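Here are my notes for you, point by point. Keep the structure open beside them and look up each spot as you read.

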Amino acid sequence: MFTSTSFASILPEILILALGMLVLIVEPFWKEDQRRNVGWLTAGGLLIAMIVSLLFGQPGEPTSTLGGMIRFDWLGFFFKMLFMFAAAMTALLLMDNEKAGRRGEAYLLLLASLIGMNLMAVSADLVMLYLSIETTSIPLYILAGFILSDEKSTEAGFKYLLFGVLTSTIMLYGFSLVFGFSGTTDLTKLAEMYQVGAISPVTAIAVLALILVGIGFKVSIVPFHFWAPDVYQGAPTPIAGFLSTASKAAGFAVLIRVFFVAFPSATLAHSWTIALAILSAVSMTVGNLLALPQTNIKRLLAFSSIAHAGYVLIGVVAFSKLGAASVIFYLAAYIATNLLAFGIVMAFSKVTGLEELKDYSGMSRRNPALALMMLAAFLSLTGMPPFGGFVAKVFVFAAGIQAGYVWLVVLGILNSIIGVYYYLNVLKYVYLYRMPNEDEESHPVPLTRPYVIALAVLAIGVVLLGTVFAPWFGWSNAAALNLF
Amino acid sequence: MNFPVLSVITFTPLIAALIILLLPPQRKNEARAVALAAASFALLLSLWVYVQYLTQHLTGYQFVEKYTWLNISPLVISLHFGVDGISAPLVLLTGVVMFTGVLISWGDDNPHVMAGIQDRPREFFAFLFILAWGVLGVFVSLDLFMLFFFYEIAVFPMYLLIVIWGWKVTREYAAMKLTLYLFIGSVVSLVGVLAMYWVNAQNTGVPTFDMLAMETASFSTQFQIIWFLPVFLGFAVLGGIWPFHNWSPDGHVAAPTAVSMFHAGVLMKLGAFAALRVGIMLLPEGAKYWSWLIMLFAAVAVVYGAYIAFVQMDFKYMVGFSSVSHMGLVMLGFSTLNQQGLLGSGLQMFSHGVMTALFFAVVGMIYDRAHTRQIPELGGMSKVMPFATIGFIIGGLVSMGMPLFSGFIAEFPIFQGVWGRQWLVAVICSISIIITAAYIMRNIRQVFFGEMPENLKGHVGDITVLDKVAITTLCLFMIGIGLFPQLMAPMVSSGVENVLRLLGGH
């Protein structure tokens, strides 16, 4: 039965699909040197899709649509908006990429993966969930290995594919066990089946462990993180940025929905919160410690993103309304911050072709505005006000302490201190060190228009999230309420 | 509604920083002019607030503004500003240091002089003003979240200011050390602050970060005893309390002159102030339980700091360690938890802030011209820069606690208070006065009146007019309060009454 509500529930995806087709149709008609304009089309189209969805696709009371496959609620809607924003920014950042920016397929694959992410955020059924995860992943495998002439990119694509297929198969095995024991794949019904004893606690924990493998890969927490540094380094940088932000956030959307909705029983929650607390502790510590010796900025950001997944998990572990709200807020702040960081890396290597930390020497003299944005991004990653990262961290820690996980919060704080060291170290290159010949004046770093627009929007976003945080947190909170 | 004067003061530096950043990089003088204008504006407004508070004999929190910032259960955060008798002088102090700091950083046309900030002044003033924004925010915030927010803002620009414009030899080491110490301190306090928030919500049923509401949270004695030390010491790290003082002299020495002035003059007060506001005022039972430990730490800082200052050969290190010693006196006053001690601490925060800013300004002026800070290599400065000499002597007299200067007004009540609590500590700490007098006088003799070394003759010239304005401004405050204690003491006293009320002494 297809009602107006079910239409509204997938309105963004319909629009994205239409946009993707438009990209396919338009692209061959443009000349080779105009094809980067597909990026404008994609970003503008996504902006319009966001506006239309905000006007006509807002959810009311949470409902299930399309035969119980889709959950139409604020949680999903908020995540969808985040993903679409991230994809629009990625499209802009992709435009001036040497190898990928002039090929329509790149934008099409980006949009295809975006549809998958959107559906991940709203899936209310294990089958739908699996399909949407694969819809997200397959285009991303191709995008990671998009530059065939570059060995590193090919390696990245292949590595991502192997890890992704392996972990998603394990997750699928978990799903099949759940179905075998309970006879249902609906997340809400699963919780009921557990209540009546159809699934024993031991089985439930085993199944959760299997599911966690798949999600852990998506959000790159230790010990499922091995792919991240190599893939981030090898993949085209805009794609690495997209992987480390939207893809990770999609993983967390699934994580909170599956764990909070399908397995909320108190005794069970006790086990999985402890397990997640341990994973959180390990991710933060390993991510931060391994980030310390990095000399390549993309690898540094990769390890830092592993650490950030650990911080986000503190909010999940809290397993409360505030915890869920702080997770969502954290992800919003993290998407803006990390995309900004990756965007700057792109803009810089577009001109210089370099990605080592030492190559950033003298950057503040070569382009002061770019250096300032780098300052904002890295201080936000550190967790310093007035940037989004600070507020997000305080909220996550507050949720952790409220739930009684003082040890985990203390560990998180110790890890932030390690973070201070290596993030500030990057800024030292940018602001203090000079180029070998001290000749920065004649080596400016000019920015093209798409970079200027994307970076400015992201930088403003990072500052707004850190100062006027009430509306953002209000929306995160409204989304979190749908889980309880 | 009244004119929101405190918000205007607090956000003036931020707006100025943004304007400065929007200027083109080569417009150096315009950046300086905007900075000076904004600093003067903030100084005048903070002076106005101070005079109003003083002349109208106000008590309690005044000029209060409150805007709800976030009200989503269970998090309630408001932008709640207000000053009392303790914070109003500190706001004024920040205005004074901002104003003089900008003057000192202006620069000198003489190519032999490295004075002022020539490299990227635009970024320098922007970062300095973001620092000032954070500092002012902490002094006026009555909401714990916002206090913490501003506190962190005051921490990170220090790293950039020191690492970019600092002394080449130690700046990277010192900047990272300083940032890590301060960040560790602040996040340790954060855990305590969050714990207080949830326990308050549990006890009263009303979750709020508002400090005035949290004063009535009735935390259990056991809770206060557990959490007092992390909260108090976490903030007191920035106040330079022994044994966590080590970052401070290194930071002072590596920082450029204006940043040293800010750092020693205002930032260290920030730590002491937050430790008082959050530690002692919100956890009074914990303060009573641990006051012996704070007194011990402070006493060590006072004597040991003075002794280390005495043996320093580097002029700037000497001033840096003297700051540790004098901030130890502030902490010593806190640890007495009685009227005289707290009053003295309040006065000492202002007096030391002005005095040490002056010291660092003079040290910077000498170093910029002589290119050395080794005390034995300096001499005869009184002949070439008589104005700076007079300034330093006045600062020195304040530092020694001479009557008729602000230092005496501040230190006397502290010792009085300590005597009331534990006479032996007062006796031991009074040794520091003698040591201080010794190193200050030795320095005045050597640096200013000694024989000028041959290699300095000829190219060391006088200070600029702007420098003289800065020195005059600072001296006026030190002499003014020394001669007329009633300009500040009653005000601080009214703030102290509030602290004593919370401690339950009255």
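**Notes on the predicted model**

1. Let's start with a pair of helices in chain B. From H12(B), the residues B:Met295, B:Ala299, B:Val302, B:Val303, B:Ala306, B:Tyr307, B:Ala309 and B:Phe310 meet B:Val425, B:Ile428, B:Cys429, B:Ser432, B:Ile435, B:Thr436, B:Ala438, B:Tyr439 and B:Arg442 of H18(B). Bear in mind that this is a predicted model. The helices are H12 (residues 284-311) and H18 (residues 423-449) of chain B, and their axes come within 8 Å and cross at roughly 25°. An angle under 35 degrees counts as roughly parallel, so that is what we call H12(B) and H18(B). Their crossing is left-handed. As you scan the contact residues, remember that an α-helix has 3.6 residues a turn, so residues three or four places apart point the same way.

2. Now for a pair that joins the two chains. Helix H18 (residues 406-431) of chain A and helix H7 (residues 171-204) of chain B have axes that come within 10 Å and cross at roughly 155°. Since angles over 145 degrees count as roughly antiparallel, H18(A) is roughly antiparallel to H7(B). This crossing, of H18(A) and H7(B), is right-handed. On the H18(A) side, the contact residues include A:Val406, A:Val410, A:Ile413, A:Ile417, A:Tyr421 and A:Lys428, while those of H7(B) include B:Glu172, B:Met176, B:Phe183, B:Val187 and B:Val191.

3. Next, have a look at H1 of chain B, residues 5-22. Its 18 residues should span 26 Å at 1.5 Å a residue, and the end C-alpha atoms are 25 Å apart, so the two values agree. Where is the kink in H1(B)? You'll find it at B:Phe11, shortly before the proline B:Pro13, and it is about 35°.

4. Staying with H1(B), many names turn up on its buried list, among them B:Val5, B:Leu6, B:Ile9, B:Pro13, B:Leu14, B:Ala17 and B:Leu21. What do the buried residues of H1(B) pack against? Their partners are helix H16 (368-382) of chain A, plus H2 (28-55), S1 (62-72), S2 (75-83), H3 (87-104) and H4 (121-140) of chain B.

5. B:Thr12 is a handy single residue to zoom in on, sitting in helix H1 of chain B. Is B:Thr12 buried or exposed? Its relative accessibility is 10%, so B:Thr12 counts as buried. Leaving out residues up to four places away in sequence, B:Thr12 touches B:Ala38 and B:Phe41.

6. Another residue to click on is A:Phe263, in the loop between H11 (237-262) and H12 (266-291) of chain A. A:Phe263 has a relative accessibility of 4%, so it counts as buried. Setting aside residues up to four places away in sequence, A:Phe263 touches A:Ala204, A:Leu208, A:Val258, A:Leu268 and A:Trp272. The C-alpha atoms of A:Phe263 and A:Ala191 are separated by 5.7 Å, although these residues are 72 residues apart along the chain.

7. Please check two peptide bonds in chain A. The one from A:Val222 to A:Pro223 is cis, with omega near 5°, and A:Pro223 is in the loop between H9 (201-219) and H10 (227-234) of chain A. A cis bond also joins A:Pro385 and A:Pro386, where omega is about 0°. A:Pro386 belongs to the loop between H16 and H17 (388-402) of chain A.

8. Two histidines are worth a look for their backbone angles. B:His57 has a positive phi, near 50°, although it isn't glycine; it is in the loop between H2 and S1 of chain B. With a relative accessible area of 68%, B:His57 is exposed. For B:His371, phi is near 60°, again a positive value in a residue other than glycine. B:His371 lies in the loop between H14 (339-370) and H15 (381-384) of chain B, and its 35% relative accessibility makes it partly exposed.

9. Finally, try H16 of chain B, residues 386-400. Its 15 residues should span 21 Å at 1.5 Å a residue, which agrees with end C-alpha atoms 21 Å apart. Buried residues of H16(B) include B:Ala388, B:Phe392, B:Gly395 and B:Met400, and their cover includes H13 (315-336), H14, H15, H17 (406-421), H18 and H19 (465-483) of chain B. After H16(B) comes B:Gly401, with a positive phi near 80°.

Note on methods. Residues are numbered from 1 along each chain as its sequence is written. Chains are lettered from A and ligands numbered from 1 in the order in which they are written. This is a predicted model: local features need pLDDT of at least 70, side-chain atom pairs count only at pLDDT 80 or more; totals for chains, interfaces and linings use all residues. Side-chain values use heavy atoms; hydrogens and water are left out. Helices (H or I, at least four residues) and strands (E, at least two) are DSSP runs, numbered from the N terminus. Buried means under 20% relative accessible area, exposed over 50%, partly exposed in between (1.4 Å probe, protein chains only). Contact means heavy atoms within 4.5 Å. The expected span of a helix is 1.5 Å times one less than its number of residues. The bend at a residue is the angle between axes fitted to the seven residues ending there and the seven starting there. Axes are lines fitted to C-alpha atoms, for helices over the stretch in contact, and angles run from 0 to 180 degrees between N-to-C directions. Angles under 35 degrees count as roughly parallel, over 145 as roughly antiparallel, 65 to 115 as roughly perpendicular and the rest as oblique. A crossing is left-handed if the near helix is turned anticlockwise from the far one by less than a right angle, and right-handed if clockwise.
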